[in-house]
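Trainee: I have this model open and would like a close look at a single part of it. Could you pick one residue, describe its setting, and then place it in the rest of the structure?

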Amino acid sequence: MTLAFLRRKPDRGLGNIHASASAPSRNIDWVLMTAVALLSVIGLFIIYSASYSKAPIGGSPYGFFFVTRQQVFLIFAVIVMAVVMYFDYEWWRDRANFFYGVTVVSLVLILMLNVLNVGDGRTVLSFDVGPINVQPAEIAKFTILLALVAFISDERSEHLDYHRFVIGLVLVGVPVLLMILQPDLGSATVPLAMMVGVTWVAGAKLRYLLMIFGLSVATIGAALLSGFVNDYQLNRFAVFFDQDSSDQRLRDVAYQGRNAIRALATGGLTGRGWLEGPITNASKDIPVQWADFPFSAVGEQFGMVGGLVVIALFSVVLARIWRIAQLSKDMTGTLICAGVFSMMLWQAFQNIAMTVGVMPITGLPLPFISYGGSGIVTYFALMGLVQNVHMRRYR
Amino acid sequence: MAIDRRTKRLSVLATVSLVLFGLLGVRLWFLQGVQADEFRQRVAAAKTRTVYIAPERGRVFDADGRILAGNRRMLTVTVDWSVVRLKKNRLALFTRLSGPLKTPVDDLMRRYDPCYNLPKPCNEGQRYDTLLPLPLKEDVSEEVVAFLMERSEDYPGIDVVEQYRRVYPYAPLASHVIGYMGAITRDNLETYLAQGYKRNERVGQFGVELSLERELHGQWGKRVYEIDASGAVVRELDEFRIEPVAGFDVQLSIDLDIQQYAEQALETSLRLRRYLPEDLTQLDSAPHNPLDRNNQFLTRIYQRTLPDGTKVDYPQWVQHKAPAGSVVVMNHNNGQLVAMASYPTFDNRWMEAGISGDKFQQLFPSKNPDGSNLDPDLSILVNRAVSGNYNLGSTIKPFIAWAAMHAGIITRDTVHLDEGEYILTSIDPADCQQNGGIARCIFKNATNKNTLRPSKYGPVTVSDALAVSSDTFFYKLGEEFYVRDRQLLKSELERFGFGSVSGVQLPFEWKGRIPDNDVKKALVERGVLDPSEVPRLTVGDNVQVAIGQGLMAATPLQIANAYATLANGGLLLQPSIVKNIYAPLTPDGLPGFADLAAGTVVMSYAEPVVRDELEMPPEVLDPIIEGLTRVIRGPGVRYDFYHATTGQRLFRGFTVDIAGKTGTAQGAANLPWNDSSVFGAFGLGPDVPFTTLAYLEKSGYGSKAAAPVAKCLYLALTGQIRIDPVYVSDPLDISSNLPAPPMILSNRSCLDGSAGIRD
């Protein structure tokens, strides 16, 4: 393959004519890489600070437990990213249907586990594979994107006709429905956000997008009303509109969110300092802070400055993805970038917004920063795809 | 072209992302920039626990330092509100606690929810402060505390706090003066909360406990503790610490020896009047037959027709009701009240005994068992000395005499011929009743029981008139005041403090009533007076005021204060029940006493407060003093035969130099058994600087019931009679059905010797 690159003539007369400028390995977006790396490293510090002093019920403090695992996940994620980058994204696109099938099957399996009540009342969201858990809903972000892009970019048209749009909707809708039924409402919104971005850039009419919104709201509403969704998820939604509820169950949910806001707000401008936050570092007031509310830990310890740095890094990442979407040589690359862009935008926004109390609480992790193997691997894989587009934009 | 379109679409995505991230940035700035401080405070509050510490209430001493009201530390079992928020947990915990605390589960449940298991509608409000632990049982023993603490894992959230309970070591003495405490009523709740009180605090409800609440209360302290997530205390936050400030101690001017003696004398005299009937034929009360005027009143009637048409037969033996009374003893040089008794009395420890509402109703009924309004004569929780609404009877005459001389109507030498009756001269005779008119023009003296005619005292001066209590003399004055100026008598009487509150430090003081046009009109309009009465002050009303009957009314304290004005030569003082205010926490002295010498006086009431200086030159004051002295010592006047003065026989051989005046205030329908007995007196020398007033309701003549009480009191005040020593009381007998145990004089001989002459 490398030889093939060398044989090619450069597309443009820029750079080193002899050593082809279009060699994929020479075209890695290092700005994007750096931003992602910075976010991941910040994530490690945040995960440590939010978990080291806490202990499972009746156990000793976690200490380095979560941060160590997260480092392993990161190493694995980098390897996955390298693999994704190595193969041309068209190679991946051609195998999209296979990955998609695997994803749907695994989602069905998870659903069956829940129907069989393996979790004994608790919702099962992942397969336990030895020391790690695999969350199909996370991996699905990667595979659904590939499948959708593969399907839409098949036709070389500027417009997305209604027929194709509906099929694309079914393509996304099936796994989304499976996620809703798990039930994992938060994760289900991510493919939808991705679909909005992809179809929009692919030339969908505005009313198509409205249709996605309408269908999502109807589905989620139906799921809520039919009782598929358990009380916990329902309460998290209800409490957003009734912060001062007298209902004890709602109060417990509100507690987590309210403490997250408190932690963040008490950080003030410059924060209390690393490991100096009373709520993050010395209380158990925000359950599972390292996965659900890492941004509150950022806010308390590093203040508004820290929060803005994180948001700025996300902005850099998004800007680079956006740029790659523009540079892409074909529609497939553009759509991949658009999908990753909209997924990441939605997920980062939703997680931070719920931390600052402007969105209902869902379990969506903050990309690169939240603890969680499946999430980190998936996002690194998505970054691999984006880099892939960047690397091979000169073909 | 394709690229352009893609760019356009991608720009939309970029715009959306900018908007969303911008939104987050703004929110971040709002939370961490604008609201950060507010959140920090809120978080600090959530992570601390504040424990409030009750101040020790100021104590009340008598003039000798006896502790009339003190505090006892007690242990109270409380529970954390959050532990019992769920009804299931609450019921379970309270069921377990019911046994050790010896309290029914329902009562415990009602501490949390006042309407628990009560019929609806129930409008009981929450009585306890939700910022403080919920008190479940006050005053538990050390054993119960030990039992609960040893098993603390079985009783989660249960704690024991130290509180104070009010004690009255000498109860029931001076209960009306000291008063009592009670829960804050709903009407006053806002006011008290605004002053830093806690919702379930007890506050003064009566007496000095109420009127000096501000001085006695003190200020709450607090401790703020930092707590961890499990609620355990980590450390105290010293910067928030506030020490409680105990209330000021109050020393009353009351001398408990005299107070006890006054209460005993009052009750003994009332009981004697109740149990010893009087022979009507030996009394002046039965009126002559008004139709028998031409027969020289030789027949006496024993039956009366009341205005509503019912006929009342007079029994030969008159039984007095003698339900209530009041005694005031004050030092007329400085206005300090030495004793103040009101009967029926009560034991103020009942209010601290935690008795049930039914028991309280039984002791202090507000309604009769059949639901009708209670006879006001029997009401207990009223201090008649400052709230009594009384006619003065003839005890008003010294003040009328002063007013007449002050206004220049008479001099000390003016002589008026008393022929037993006075016929108004300012009314056209044709309008008079005896001539077929409507106005009452003839006012008579009281009947003499021997002649069965109105007593005739002949030519009398003001001194004679006071000595024998000549009504006719004062009828004439009443008319002359009216003729000169209708407001004149009122303005003169106001100089003695009638018609306005005295300013003593006691609650619920009545300001009294001097009739004028407005007062009478209001009384007629309110239906107190018969609608046929003229709604303005008539000459007849003024004539009645001149002998202390009719519309004029005052409190015993006002009357006493007016006598004190005569006694001290014209100074109208502001009476004071408080002698000194001491700095908080005066140390204890002998058992039952505080060590006043070791205390610090922060405010003294020893200096008399002069409200007014009345002009009392010798030519005005001397004939009054002379007349009042003759009431005690004689002589009376000789006209046809010798007329003794009203107190002459009672005070025969009396060794204390006093002047005084009896009075008999006529009661409902002028029936003889409704007469109230009044006596006002003051010591003449510097050794006896005491003015006393005794008012015994429905007890007969002034000389029969009230004057003996005063007589005994002067003996006690001058140490000429042995009085019972004052002891700390026995514990309150909860099973008793009496508001207070009877108090009887051990030596009643000083009460004897009454003559039985009216007025």
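Mentor: Happy to; what follows starts at one residue of chain B, moves through that chain, and ends with chain A. Please keep in mind throughout that this is a predicted model.

Let's begin with B:Gln251, which sits in strand S10 of chain B, a strand that covers residues 249-252. Is B:Gln251 buried or exposed? B:Gln251 counts as buried because 26 C-beta neighbours lie inside 10 Å, and the cut-off for that class is 20 or more. Setting aside residues up to four places away in sequence, B:Gln251 touches B:Phe61, B:Ala63, B:Lys579, B:Asn580, B:Tyr582 and B:Leu596. One of these partners deserves a second look: B:Tyr582 is 331 residues away from B:Gln251 along the chain, yet 7.3 Å separates their C-alpha atoms.

Now for the chain around that residue. Chain B has 21 helices and 29 strands. Of its 759 residues, 43% count as buried. If you take the contacts in chain B between residues at least 6 apart in sequence, 75% of them join residues at least 24 apart.

Some backbone details in chain B are worth checking on your screen. The peptide bond that leads from B:Tyr343 to B:Pro344 is cis, and its omega is near 0°. B:Pro344 belongs to the loop between strand S16 (337-343) and helix H11 (357-363) of chain B. Another cis peptide bond runs from B:Gly634 to B:Pro635, with omega near -5°. There, B:Pro635 falls in the loop that links helix H20 (618-633) to strand S25 (637-639) of chain B.

Next come positive phi values. B:Asp139 is not a glycine, but its phi is positive, at about 55°. This residue is part of strand S4 of chain B, residues 134-140. B:Asp139 is classed as partly exposed because 14 other C-beta atoms lie within 10 Å. B:Ala174 also has a positive phi for a residue other than glycine, near 60°. You will find B:Ala174 in the loop between strand S5 (158-167) and helix H6 (175-178) of chain B. What is the burial class of B:Ala174? Its 31 C-beta neighbours inside 10 Å are why B:Ala174 counts as buried.

From here we can cross to the other chain. The contact between the chains draws 36 residues from chain A and 26 residues from chain B. On the chain A side, helix H8 (185-201), helix H11 (248-267), helix H14 (294-327) and helix H15 (331-355) each supply at least two residues. H14(A) gives the most, with 11 residues. By type, the chain A side that touches chain B divides into 20 nonpolar, 13 polar and three charged residues.

Let's finish with a helix pair inside chain A. Two packed helices are described by the angle and the distance between their axes. For helix H5 (residues 96-115) and helix H6 (residues 136-153) of chain A, the axes come within 8 Å and cross at roughly 145°. The crossing in which H5(A) passes H6(A) is left-handed. Among the residues that meet there are A:Phe99, A:Tyr100 and A:Leu107 in H5(A), and A:Ile139, A:Ile144 and A:Leu146 in H6(A). The residues of this contact divide into 12 nonpolar, four polar and no charged.

Notes. Residues are numbered from 1 along each chain as its sequence is written. Chains are lettered from A and ligands numbered from 1 in the order in which they are written. This is a predicted model: local features need pLDDT of at least 70, side-chain atom pairs count only at pLDDT 80 or more; totals for chains, interfaces and linings use all residues. Helices (H or I, at least four residues) and strands (E, at least two) are DSSP runs, numbered from the N terminus. A residue is buried if 20 or more other C-beta atoms lie within 10 Å of its own, exposed if 12 or fewer, and partly exposed in between; C-beta atoms are placed from the backbone. Two residues are in contact if their C-beta atoms, placed from the backbone, lie within 7 Å. Ala, Val, Leu, Ile, Met, Phe, Trp, Tyr, Cys and Pro count as nonpolar, Asp, Glu, Lys and Arg as charged, and the others, Gly among them, as polar. Axes are lines fitted to C-alpha atoms, for helices over the stretch in contact, and angles run from 0 to 180 degrees between N-to-C directions. A crossing is left-handed if the near helix is turned anticlockwise from the far one by less than a right angle, and right-handed if clockwise.
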